[in-house]
Amino acid sequence: MAPFITSFIASLVIFFLPYAFSNQNTTIPTSDLDLLEFPLNLEYLEAEFFLYGSLGQGLDKIAPNLTAGGPSPIGARKANLDRLTNDVILQFAFQEVGHLRAIKKTVKGFPRPLLDLSAESFAKVINSALGKPLEPPFDPYADSINYLVASYLIPYVGLTGYVGANPKLEGSTSKRLVAGLLGVESGQDAVIRGLLYERANEKVKPYNITVAEFTNQISRLRNELGHGGLKDEGLVVPKELGAEGKITGNVLAGDEYSISYDRTPEEILRIVYGTGDEKAPGGFYPKGADGHIAKSYLHVN
């Protein structure tokens with residue numbers, strides 16, 4: 001009898017080995033956990049930027065339990081938005097709060113990382129994109145057009161991350177979660193791009209640079225930092241990069257088949273750190289992102 005019991009227990013261990021239980025007792029394959037936790041870094045960033053931009057306050061006031069005691073963001077503040085833009089951004093803000101709840105309902109997650117959402121942080125990204133320092137420095141909170149240009153920096157990166165993660169997931173719960181998150185992130189990116197496309201030829205004051213040029217240069221920078229080839233496109237592109245190679249308008253970014261581009265966690269870290277190196281924190285994450293994937297690179301000499 002003893003050998004049978006030993007064999008039976010061993011079989012059970014082997015059967016359940018690929019799986020882990022989340023804090024809500026939902027069975028999630030162990031291989032999915034890191035891929036589901038990693039996006040929390042971007043969801044925290046989006047939630048705080050959109051909450052502060054529309055309301056002038058962030059998760060510490062709106063949903064303090066979701067921060068898990070993580071540090072408050074640096075430099076975030078209310079943006080000077082027109083009524084329509086404020087309404088849209090407020091909707092985005094609460095959608096991001098929902099995303100945080102959804103991920104943390106499925107996996108344990110981690111506390112909010114330190115985020116630098118100061119005007120200076122965004123100005124550095126814009127300066128890098130344009131290849132020169134703007135004068136006066138770019139301020140994402142100054143008005144609606146600046147805020148939308150700054151918002152162009154954010155949801156699309158998360159979108160490509162979800163596209164990249166989806167085929168690597170094993171569990172049905174994991175796939176359903178990521179598909180749902182991807183749907184809304186894609187919608188947010190489409191709204192931002194649509195609002196900017198309407199003003200594509202408008203010059204952002206006082207820089208004498210059009211909205212389209214801002215987006216094109218931001219996308220160029222993200223391609224450069226990501227080291228993953230062409231995975232980002234601005235609002236106006238050469239005809240050969242437009243849908244079916246027939247148009248220059250590019251309200252939605254996609255590959256030659258108009259399919260969304262994908263990115264790996266490593267590519268995303270290189271972009272949001274602004275360093276082009278997943279081992280070198282900076283940018284919006286001065287102390288680095290959290291979760292097993294990001295931390296594994298922070299410990300590499």
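A cavity is a set of grid points where a 1.4 Å probe fits but cannot get out. In this predicted model, the count comes to one cavity of 30 Å³ or more. The largest cavity has a volume of about 100 Å³.

The walls of this space come next. The lining of the largest cavity is made up of 14 residues, and those closest to its centre are F38, P39, G161, Y162 and I268. Three elements, α3 (40–55), α8 (155–165) and α11 (265–273), each give two or more residues to the lining of the largest cavity. Among the elements, α8 gives the most, with four residues. By kind, the lining of the largest cavity divides into eight nonpolar residues, three polar and three charged.

Helix α8 can then be followed along its length. A residue counts as buried when its relative accessible area is under 20%. By that cut-off α8 is mostly covered, with eleven of its eleven residues buried. The buried residues of α8 run from P155, Y156, V157 and G158 through L159, T160 and G161 to Y162, V163, G164 and A165. G161 and Y162, buried in α8, are also among the residues closest to the centre of the largest cavity.

Helix α7, residues 144–151, is mostly covered as well: eight of its eight residues are buried. These are S144, I145, N146, Y147, L148, V149, A150 and S151. At the N-terminal end of α7, D143 acts as a cap, and one of its side-chain oxygens lies 3.4 Å from the backbone nitrogen of I145. I145 is itself one of the buried residues of α7.

Notes: Residues are numbered from 1 along each chain as its sequence is written. This is a predicted model: local features need pLDDT of at least 70, side-chain atom pairs count only at pLDDT 80 or more; totals for chains, interfaces and linings use all residues. Side-chain values use heavy atoms; hydrogens and water are left out. On a 1 Å grid over the protein atoms alone, a cavity is a set of points where a 1.4 Å probe fits but cannot get out, and a pocket is an open set with protein on both sides within 12 Å along at least five of seven lines; lining residues have an atom within 4 Å of a point. Grid points are joined across faces, edges and corners, and a volume is the space filled by probe spheres set on the points. Ala, Val, Leu, Ile, Met, Phe, Trp, Tyr, Cys and Pro count as nonpolar, Asp, Glu, Lys and Arg as charged, and the others, Gly among them, as polar. Buried means under 20% relative accessible area, exposed over 50%, partly exposed in between (1.4 Å probe, protein chains only). A polar contact is a pair of N or O atoms within 3.5 Å; within protein, one must be able to donate a hydrogen and the other to accept it, and residues adjacent in sequence count only if both atoms are side-chain atoms.
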